[in-house]
Amino acid sequence: MRDTLVLNASFEPLSTVTLNRAVVLVLQDKAVVEQAHPELRMRGAAVDIPAPRVIRLCRYVRVPFRRQAPWSRRGVLVRDRHRCAYCGRRATTVDHVVPRSHGGQDTWLNTVASCAEDNHRKADRTPEQAGMPLLREPFEPTPADAMLLTLGADEFAALPDWLATDAA
């Protein structure tokens, strides 16, 4: 399933929606297509439009200010691009840098993506105690960066340059 990025009328990233929902918003004149998939088209009995990759709402939607993106296991895996912070292989779990038994919390700065082998090998220790240095330090993405990262590498790379962030 392809995700479509929704921009507010002010061109700020707002959310992602399914391709079908994006087409409905465009057909109802609630949004305009800012960027389309080059080879994909949506066809119906009386409709033939390019499949939207990025749409912009026609009316501005007021969004409450969010200082930080909400933490989640899926968010950590997406932030780290499903790459283990210890060895670089495919990550399937989330590891706490400071273990929960030592007071570590579920926060962006205390969790990293990890493969199951390294997570098990590190066990209930800090990376220093286990002799397993981090390949990259964890960081806290902005709410907009966290939302853009959910698009996936292929979709993210295809976004227009003016939407580029430091999240990549």
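Mentor: Buried means under 20% relative accessible area, and that cut-off is applied here to a predicted model.

Trainee: What makes strand E4 largely enclosed by the rest of the structure?

Mentor: Eight of the ten residues of E4, which spans residues 48–57, are buried, so the strand is largely enclosed by the rest of the structure.

Trainee: How do you know that E3 and E4 pair, and in which sense do they run?

Mentor: Pairing requires at least two bridges, and eight bridges join E3 (residues 31–43) to E4, so the two strands count as paired, and they run antiparallel. Ala 31 has Leu 57 as its bridge partner in E4, and four residues lie between the two strands of this hairpin.

Trainee: Why is E1 also called a partner of E4?

Mentor: Strand E1 (residues 3–7) shares three bridges with E4 in the parallel sense, and because at least two are needed, the pair qualifies. Within E4, Arg 56 is the bridge partner of Leu 7.

Trainee: Why is the charged end of Arg 79 said to sit over the ring of Phe 139?

Mentor: The charged end of Arg 79 is 5.5 Å from the centre of the Phe 139 ring, which satisfies the distance limit of 6 Å; the definition also asks for a position within 35 degrees of the ring normal, and the pair is listed as sitting over the ring.

Trainee: Which residues form the largest nonpolar core?

Mentor: That core has nine residues, among them Tyr 86, Val 97, Val 112 and Met 132. A second, separate core of eight residues includes Ala 22, Ala 31, Ile 55 and Leu 57.

Conventions. Residues numbered from 1 in each chain as written. Predicted model: local features only at pLDDT ≥ 70, side-chain atom pairs only at ≥ 80, totals over all residues. Heavy atoms only, no water. Core = buried A, V, L, I, M, F, W, Y, C linked by side-chain atoms within 4.5 Å. Buried < 20%, exposed > 50% of the residue type's maximum accessible area, 1.4 Å probe, protein only.
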